[in-house]
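Keep the sequence and the 3D view open side by side, and try each task before you read its solution.

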Amino acid sequence: MGQKADNKDIIEGQSSDGIDRRGFLKCMAWAGTGIVWTMGAGIPTSSLFGAARNKAEKGAGFTFVQISDSHIGFDKPANTDVNATLQAAMDKIKGISSQPDFIIHTGDLTHLSKPSEFDTLDQLLKGAGKEVVYVPGEHDIIDNGQQFLDRYGKDPQGNKKKGNGWFSFDHKGVHFVGLVNVANLKPGGMGSLGHEQLEWLEDDLKGKSHSTPLVVFAHIPLWAVYLQWGWGTDDSAQALSYMKKFGSVTVLNGHIHQIMQKSEGNVSFHTAMSTAFPQPAPGSAPSPGPMKVPAEKLRDVLGVTDVNYVMGNHHLAVVDSTLSGNAPEGYKADSSTGSSSSGSETTVKIDNFSFNPTPIKVKAGTKVVWKNGDDVPHNVESTQHRFSSPVLDTGEKFEFMFQDPGQYSYFCKLHPKMTGKVIVSQA
Ligand SMILES: [Cu+2]
């Protein structure tokens, strides 16, 4: 394989995609240490499927596939047929000549945690004929996570998962750890693992030899991708500190619907594309959220990650591939903002992952109406437990009558970086 040509692609790729250049330069360094990356315009091309595959066959290793963010139930303009694009991903997996041992789904299986959405997902994934291991995304635990546990509460060995769904298992000498960082999120914060899970993780890794390759996966990135958008995990440093002794750690995440990667010492971080819809590159739009791209381009920004493990080499080759095999072009997200008020009723708009306006000052006896104008669901959650909306899909409203003077802070429990305040004065 022409190393020089690949590196050239990497460098050119970052400028059109807005992906951090330093991150890419670090990736290039991995090429020399055994992890094989082929990047073209920010998206690895499927040709490497072949390269990685041959390597695996020679070394008698194995392959597994990562898919992410299938958002079954989503039907907005960014992708009106998420079932079809997931199906396309399944077909693609079936076409891999060296078949993966299993599939990892890194969360946001569904859009609104509806039973029918989970049913559809199960039906579509069955088509691949592979075992699938899951960690939840914030969209999968809108009902507080019971449904997810009822359906996917067992690890591949048949044991009950811990807490709200974390677990580990061994496969052909590799230790896999699935973490949950989307539950009990704090106002103003990002992803969170929590004390109980961290304790478990420390214990889980304690007995493992430092030569054991580690693959850790969770929905929200376990590294600081873009803090302004909450694309990180508050207590990930603690988790990563338990992995210092290991020679090879690969961290796989979803959530941001695009490929980002970097290496830090022994750890390589990688986020996958969504099978449903793309999101803007960090800072390239007013907010994250579904990004509408021309229909013929959509499959260029949706994908499957094929992870190849070569026995005795202790290196993982992570290969992302778009559904079409083409590289994506530049794209822009839509945006709109605004607010309105009348009499003793005031509206707070939810747009671009923010509450508008905030703070708002109202007199006691005012009804505040929140209306979600985003293509993604949000909620309105009182920090002091005074009110809590259901999860609001696009166009849905929630109202609360403020009778008593005071300051009322609130946030979105799905996207805790979204915070707001209502200041109520004497009528
Ligand atoms: Cu939200």
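Here are five short exercises, each with a worked solution.

This is a predicted model, in which local features need pLDDT of at least 70 and side-chain atom pairs count only at pLDDT 80 or more, while totals for chains, interfaces and linings use all residues. Residues are numbered from 1 along each chain as its sequence is written.

**Exercise 1. Confidence**

Find the mean pLDDT of the protein chain, and the elements with the lowest and the highest mean pLDDT.

Solution. Begin with the score itself: pLDDT is the predictor's confidence in each residue, from 0 to 100. The mean over the protein chain is 80, and 78% of the residues reach 70 or more. Next, go through the elements; helices (H or I, at least four residues) and strands (E, at least two) are DSSP runs, numbered from the N terminus. Strand 1 (residues 39-40) has the lowest mean, 25, and helix 7 (residues 195-206) the highest, 98. Finally, look for weak stretches: pLDDT stays under 50 over residues 1-60, and likewise over residues 328-342.

**Exercise 2. The sides of helix 4**

Check the span of helix 4 and decide where its buried residues sit around the axis.

Solution. The expected span is 1.5 Å times one less than the number of residues. For the 13 residues of helix 4 (residues 82-94) this gives 18 Å, and the end C-alpha atoms are 18 Å apart, which agrees. Now sort by burial: a residue is buried with 20 or more other C-beta atoms within 10 Å of its own, exposed with 12 or fewer, and partly exposed in between, with C-beta atoms placed from the backbone. V82, T85, L86, A89, M90, K92 and I93 are the buried ones. They cover an arc of only 160 degrees (taken from the directions from the helix axis to the C-beta atoms), so they lie on the same side of helix 4. The face turned away from them carries the exposed D91 and K94.

**Exercise 3. Strand 8 and its partners**

Which strands run parallel to strand 8, and how is strand 8 covered?

Solution. Two strands pair if DSSP finds at least two bridges between them. Strand 7 (residues 174-178) pairs with strand 8 in the parallel sense over 4 bridges, with H175 bridged to L214. Between these two strands the chain passes through helix 7, a right-handed β-α-β crossover (with the strands pointing away from the viewer, the path from the first strand over the helix to the second runs clockwise). Strand 9 (residues 249-253) also runs parallel to strand 8, joined by 5 bridges, and here A218 is the partner of N253. The chain reaches strand 9 through helix 8 (residues 236-241), and this crossover is right-handed. As for cover, 5 of the 5 residues of strand 8 (residues 214-218) are buried: L214, V216 and A218 on one side, V215 and F217 on the other.

**Exercise 4. An open sheet**

Give the strand order of the open sheet with strand 19 at an edge.

Solution. The 4 strands follow the order 17-22-21-19, with mixed pairing. Strand 17 (360-363) and strand 19 each have a single partner strand, so one side of each lacks a neighbour in the sheet. Strand 19 pairs antiparallel with strand 21 (residues 406-411) over 2 bridges, and S382 stands opposite Y410.

**Exercise 5. Placing F387**

Why is F387 classed as partly exposed, and what does F387 contact?

Solution. F387 lies in the loop between strand 19 (381-382) and strand 20 (397-402). Its class is partly exposed because 17 other C-beta atoms lie within 10 Å. Beyond neighbours within four places in sequence, F387 is in contact (C-beta atoms, placed from the backbone, within 7 Å) with S382 and F400.

Definitions and conventions: Contact = placed C-beta atoms within 7 Å.
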